[in-house]
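Q: I'd like a close look at one part of this protein: its interior, meaning what is packed away inside and where the open spaces are. Could you walk me through it?

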Amino acid sequence: MSVTEGLLVRRLVLVCGPVSLASPGPFERVSARPAKAEIDPLLAAHPDVPLVVAGTDADLAAVVVRLLRKGKLASTPVGLVPAEASEVARLWGLPTDHDRALEVALSADPQPVPVARDDAGGVLVGKGTFGALKGMAYCDDTLALRGPARSIEVWPDRELGLAVQVRTGRFKRGETLTTRAFQLACEPARPTRDGVPYPRTVERWTWYRHTEDLQLIGASGQQH
(Lines give C-alpha, C1' and ligand atoms only; values in the text may rest on other atoms or scores of the structure.)
Protein backbone atom coordinates (compact mmCIF):
# COMPACT_ATOMS: atom_id res chain seq x y z
CA MET A 1 0.00 0.00 0.00
CA SER A 2 1.41 3.41 -0.99
CA VAL A 3 1.51 6.37 1.40
CA THR A 4 -1.34 8.02 -0.53
CA GLU A 5 -3.46 4.87 -0.39
CA GLY A 6 -2.85 4.64 3.35
CA LEU A 7 -3.97 8.23 3.86
CA LEU A 8 -7.06 7.66 1.71
CA VAL A 9 -8.25 4.99 4.13
CA ARG A 10 -8.48 7.62 6.88
CA ARG A 11 -10.40 10.25 4.90
CA LEU A 12 -13.60 10.15 2.87
CA VAL A 13 -12.88 11.45 -0.63
CA LEU A 14 -15.89 12.68 -2.61
CA VAL A 15 -15.26 12.93 -6.34
CA CYS A 16 -17.93 15.21 -7.77
CA GLY A 17 -19.47 15.03 -11.23
CA PRO A 18 -17.02 14.55 -14.11
CA VAL A 19 -13.87 15.11 -12.03
CA SER A 20 -11.18 12.43 -12.29
CA LEU A 21 -8.15 11.78 -10.08
CA ALA A 22 -4.99 9.92 -11.00
CA SER A 23 -4.93 8.01 -7.71
CA PRO A 24 -6.86 4.70 -7.81
CA GLY A 25 -8.88 5.50 -4.70
CA PRO A 26 -10.84 4.44 -2.72
CA PHE A 27 -13.23 7.27 -3.61
CA GLU A 28 -16.95 7.92 -3.39
CA ARG A 29 -18.32 9.11 -6.72
CA VAL A 30 -21.15 11.65 -6.27
CA SER A 31 -23.01 14.10 -8.48
CA ALA A 32 -21.89 17.63 -9.19
CA ARG A 33 -23.16 19.83 -6.34
CA PRO A 34 -24.30 16.72 -4.43
CA ALA A 35 -27.46 17.06 -2.35
CA LYS A 36 -28.91 15.55 0.81
CA ALA A 37 -29.79 12.15 -0.68
CA GLU A 38 -26.13 11.45 -1.53
CA ILE A 39 -24.22 13.22 1.23
CA ASP A 40 -26.24 12.48 4.37
CA PRO A 41 -25.95 8.65 4.10
CA LEU A 42 -22.19 8.99 3.61
CA LEU A 43 -21.90 11.23 6.67
CA ALA A 44 -23.86 8.67 8.69
CA ALA A 45 -21.73 5.78 7.44
CA HIS A 46 -18.45 7.60 8.13
CA PRO A 47 -18.98 9.57 11.36
CA ASP A 48 -16.17 11.87 12.46
CA VAL A 49 -14.09 11.15 9.34
CA PRO A 50 -12.43 14.14 7.59
CA LEU A 51 -13.76 14.79 4.09
CA VAL A 52 -12.00 15.67 0.87
CA VAL A 53 -14.03 17.23 -1.95
CA ALA A 54 -12.59 16.81 -5.44
CA GLY A 55 -14.61 19.30 -7.44
CA THR A 56 -15.54 22.93 -7.89
CA ASP A 57 -16.15 25.60 -5.29
CA ALA A 58 -19.87 24.97 -5.83
CA ASP A 59 -19.36 21.27 -5.08
CA LEU A 60 -17.59 22.21 -1.85
CA ALA A 61 -20.42 24.59 -0.94
CA ALA A 62 -22.98 21.81 -1.47
CA VAL A 63 -21.10 19.56 0.95
CA VAL A 64 -20.70 22.39 3.46
CA VAL A 65 -24.47 22.93 3.42
CA ARG A 66 -25.02 19.31 4.47
CA LEU A 67 -22.40 19.55 7.23
CA LEU A 68 -24.09 22.70 8.48
CA ARG A 69 -27.54 21.07 8.43
CA LYS A 70 -26.24 18.04 10.35
CA GLY A 71 -24.40 20.15 12.94
CA LYS A 72 -21.01 18.81 11.82
CA LEU A 73 -19.42 21.91 10.30
CA ALA A 74 -17.15 22.79 13.22
CA SER A 75 -16.16 19.19 13.93
CA THR A 76 -15.49 17.85 10.42
CA PRO A 77 -12.28 18.93 8.64
CA VAL A 78 -12.75 19.33 4.88
CA GLY A 79 -10.11 19.40 2.14
CA LEU A 80 -10.47 20.60 -1.44
CA VAL A 81 -8.94 19.27 -4.65
CA PRO A 82 -9.97 22.01 -7.11
CA ALA A 83 -11.42 20.84 -10.40
CA GLU A 84 -10.98 24.26 -12.01
CA ALA A 85 -10.00 27.82 -11.15
CA SER A 86 -10.98 28.13 -7.52
CA GLU A 87 -11.65 31.22 -5.44
CA VAL A 88 -11.43 29.05 -2.32
CA ALA A 89 -7.93 27.93 -3.29
CA ARG A 90 -6.91 31.51 -4.08
CA LEU A 91 -8.31 32.92 -0.84
CA TRP A 92 -6.73 30.37 1.46
CA GLY A 93 -3.53 29.45 -0.35
CA LEU A 94 -4.45 25.92 -1.38
CA PRO A 95 -2.57 24.19 -4.22
CA THR A 96 -4.37 23.83 -7.54
CA ASP A 97 -2.31 20.99 -9.03
CA HIS A 98 -4.39 17.83 -8.54
CA ASP A 99 -1.61 15.63 -7.16
CA ARG A 100 -0.30 18.27 -4.76
CA ALA A 101 -3.83 19.33 -3.73
CA LEU A 102 -4.75 15.72 -2.94
CA GLU A 103 -1.56 15.26 -0.93
CA VAL A 104 -2.31 18.37 1.13
CA ALA A 105 -5.98 17.45 1.58
CA LEU A 106 -4.99 14.01 2.87
CA SER A 107 -2.19 15.03 5.22
CA ALA A 108 -2.34 18.69 6.29
CA ASP A 109 -4.00 20.14 9.37
CA PRO A 110 -7.22 22.16 9.20
CA GLN A 111 -7.50 25.91 9.79
CA PRO A 112 -10.79 27.69 10.58
CA VAL A 113 -12.05 29.91 7.75
CA PRO A 114 -15.31 31.87 7.64
CA VAL A 115 -18.38 30.71 5.75
CA ALA A 116 -21.17 33.00 4.59
CA ARG A 117 -24.82 32.02 4.65
CA ASP A 118 -27.64 33.63 2.72
CA ASP A 119 -31.35 34.01 3.37
CA ALA A 120 -32.18 31.48 0.64
CA GLY A 121 -30.63 28.55 2.52
CA GLY A 122 -27.28 28.49 0.73
CA VAL A 123 -23.67 29.10 1.68
CA LEU A 124 -20.79 30.96 0.10
CA VAL A 125 -17.30 29.49 0.35
CA GLY A 126 -15.52 31.36 -2.47
CA LYS A 127 -17.13 34.35 -4.15
CA GLY A 128 -20.61 35.76 -4.66
CA THR A 129 -21.44 38.33 -7.31
CA PHE A 130 -24.14 40.55 -8.73
CA GLY A 131 -23.95 42.14 -12.15
CA ALA A 132 -25.27 45.58 -13.01
CA LEU A 133 -28.15 46.66 -10.79
CA LYS A 134 -29.76 49.62 -9.05
CA GLY A 135 -30.44 49.55 -5.36
CA MET A 136 -29.28 50.18 -1.81
CA ALA A 137 -26.83 48.07 0.15
CA TYR A 138 -25.44 48.06 3.65
CA CYS A 139 -22.40 46.46 5.24
CA ASP A 140 -23.63 46.18 8.81
CA ASP A 141 -24.61 49.82 9.47
CA THR A 142 -22.39 51.31 6.73
CA LEU A 143 -24.04 52.42 3.49
CA ALA A 144 -22.22 50.62 0.67
CA LEU A 145 -24.46 51.56 -2.26
CA ARG A 146 -27.27 53.97 -3.10
CA GLY A 147 -28.12 53.99 -6.79
CA PRO A 148 -26.61 52.07 -9.73
CA ALA A 149 -23.70 49.64 -9.55
CA ARG A 150 -21.86 47.89 -12.36
CA SER A 151 -21.08 44.93 -10.15
CA ILE A 152 -20.84 43.70 -6.57
CA GLU A 153 -18.42 41.05 -5.28
CA VAL A 154 -18.55 39.38 -1.87
CA TRP A 155 -16.13 36.82 -0.43
CA PRO A 156 -15.25 35.33 2.97
CA ASP A 157 -12.75 37.35 4.98
CA ARG A 158 -11.07 36.59 8.29
CA GLU A 159 -11.45 40.06 9.80
CA LEU A 160 -15.22 40.19 10.30
CA GLY A 161 -16.43 37.38 8.07
CA LEU A 162 -17.12 39.04 4.72
CA ALA A 163 -15.40 41.41 2.32
CA VAL A 164 -17.48 43.46 -0.11
CA GLN A 165 -16.44 45.43 -3.16
CA VAL A 166 -18.86 47.57 -5.18
CA ARG A 167 -18.01 48.90 -8.64
CA THR A 168 -20.06 52.01 -9.38
CA GLY A 169 -18.32 53.38 -12.47
CA ARG A 170 -16.80 51.92 -15.58
CA PHE A 171 -13.25 52.17 -14.28
CA LYS A 172 -13.84 52.92 -10.61
CA ARG A 173 -13.76 50.11 -8.07
CA GLY A 174 -14.90 51.11 -4.62
CA GLU A 175 -12.98 50.39 -1.47
CA THR A 176 -13.18 46.94 0.05
CA LEU A 177 -15.43 46.90 3.12
CA THR A 178 -15.30 44.18 5.76
CA THR A 179 -18.50 43.31 7.51
CA ARG A 180 -20.46 40.65 9.38
CA ALA A 181 -23.48 41.02 7.09
CA PHE A 182 -24.17 42.42 3.62
CA GLN A 183 -27.78 43.41 2.87
CA LEU A 184 -29.09 44.47 -0.53
CA ALA A 185 -32.45 45.82 -1.71
CA CYS A 186 -32.59 46.32 -5.47
CA GLU A 187 -34.50 46.18 -8.70
CA PRO A 188 -34.71 42.53 -9.85
CA ALA A 189 -31.20 41.10 -10.16
CA ARG A 190 -29.66 37.63 -10.10
CA PRO A 191 -26.88 36.69 -7.66
CA THR A 192 -24.20 34.13 -8.44
CA ARG A 193 -22.91 31.89 -5.64
CA ASP A 194 -19.55 30.19 -6.15
CA GLY A 195 -19.92 30.39 -9.90
CA VAL A 196 -23.53 29.16 -10.06
CA PRO A 197 -26.29 31.66 -10.97
CA TYR A 198 -29.26 31.68 -8.63
CA PRO A 199 -32.32 30.22 -10.42
CA ARG A 200 -34.33 33.45 -10.32
CA THR A 201 -34.00 37.19 -9.85
CA VAL A 202 -34.35 38.69 -6.39
CA GLU A 203 -35.18 42.10 -4.98
CA ARG A 204 -33.62 41.47 -1.56
CA TRP A 205 -30.53 39.49 -0.63
CA THR A 206 -28.36 38.98 2.43
CA TRP A 207 -25.02 37.31 3.01
CA TYR A 208 -23.87 36.99 6.61
CA ARG A 209 -21.12 35.22 8.51
CA HIS A 210 -22.13 31.88 9.94
CA THR A 211 -21.54 31.42 13.66
CA GLU A 212 -19.20 28.46 13.06
CA ASP A 213 -16.21 28.33 10.74
CA LEU A 214 -15.30 25.72 8.15
CA GLN A 215 -12.29 23.64 9.18
CA LEU A 216 -10.46 23.80 5.85
CA ILE A 217 -7.57 21.36 5.53
CA GLY A 218 -4.34 22.99 4.40
CA ALA A 219 -5.64 26.57 4.56
CA SER A 220 -2.95 29.17 5.06
CA GLY A 221 -2.91 31.10 8.30
CA GLN A 222 -2.74 34.28 6.20
CA GLN A 223 -5.44 35.19 3.70
CA HIS A 224 -4.36 35.72 0.10
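A: Let's start with the yardstick: a residue counts as buried when its relative accessible area is under 20%, as exposed when that area is over 50%, and as partly exposed in between. Keep in mind that this is a predicted model.

The cysteines are a handy way in. C139 has a relative accessibility of 3%, so it is buried. C16 is buried too, because its relative accessibility is 1%. If you're wondering about disulfides, the count is zero. For C139, the nearest cysteine sulfur belongs to C186 and sits 14 Å away, whereas a disulfide would need the two sulfurs within 2.5 Å.

Now for the nonpolar packing. The largest nonpolar core holds 33 residues, and L60, V64, V88, V123, L214 and L216 have the most contacts inside it. Both helices and strands feed into this core: β1 (12-16), α2 (36-45), β3 (51-55), α3, β4 (78-82), α4 (87-92) and β18 (214-217) each give two or more residues. The biggest contributor is α3, with seven. A separate core of 23 residues lies apart from that one, and its members include L145, L162, L184 and V202.

To get a feel for the larger core, zoom in on L214. Setting aside neighbours within four places in sequence, L214 is in contact with V64, L73, V78, Q111, P112, V113 and V115. V64 is worth marking in your viewer, since V64 and L214 are both on the list of residues with the most contacts in that core.

Helix α4 is another good place to stop. A89 lies in this helix, and at 3% relative accessibility A89 is buried. Beyond four places in sequence, A89 touches P82, L94 and T96. A89 and D57 are 32 residues apart in sequence, and their C-alpha atoms are 8.8 Å apart in space. Just along the chain, P95 lies in the loop between α4 and α5 (98-107). P95 touches P82, R100, A101 and V104, again not counting residues up to four places away. So P82 turns up in the contact lists of both A89 and P95. For a sense of distance, take P95 and R167: they are 72 residues apart in sequence, with 29 Å between their C-alpha atoms.

On to the open spaces. The largest pocket has a volume of about 370 Å³. Its lining runs to 18 residues, with R33, A58, A62, V65 and R193 nearest the centre. Two elements, α3 (57-69) and β16 (196-197), each supply at least two lining residues. Once more α3 gives the most, this time five residues. In other words, α3 is the top contributor to the largest core and to the lining of the largest pocket. Sorted by class, that lining has 11 nonpolar, two polar and five charged residues.

The second largest pocket holds about 150 Å³ of space. It is lined by 13 residues, and D57, E84, A85, D194 and G195 are the closest to its centre. Here the class mix is three nonpolar, five polar and five charged residues.

D194 deserves an extra look. This aspartate lies in the loop between β15 (192-193) and β16, and it has a positive phi of about 50° although it isn't a glycine. Its relative accessible area is 9%, which means D194 is buried. A second aspartate makes a nice comparison: D140 also has a positive phi of about 50° without being a glycine. D140 lies in the loop between β9 (133-139) and β10 (142-149). D140, though, is partly exposed, because its relative accessible area is 22%.

Finally, there's the closed-off space. One cavity of 30 Å³ or more turns up, and the largest cavity holds about 40 Å³. Around the largest cavity you'll find L43, H46, P47, D48, V49, L51, K72 and T76. By class, that makes four nonpolar, two polar and two charged residues.

Technical notes:
Residues numbered from 1 in each chain as written. Predicted model: local features only at pLDDT ≥ 70, side-chain atom pairs only at ≥ 80, totals over all residues. Heavy atoms only, no water. Buried < 20%, exposed > 50% of the residue type's maximum accessible area, 1.4 Å probe, protein only. 1 Å grid on protein atoms, 1.4 Å probe; cavity = no way out; pocket = protein on both sides within 12 Å on 5 of 7 lines; lining within 4 Å. Points joined across faces, edges and corners; volume = space filled by probe spheres on them. Helix = DSSP H or I, 4+ residues; strand = E, 2+ residues; numbered from the N terminus. Nonpolar A, V, L, I, M, F, W, Y, C, P; charged D, E, K, R; others polar. Core = buried A, V, L, I, M, F, W, Y, C linked by side-chain atoms within 4.5 Å. Contact = heavy atoms within 4.5 Å.
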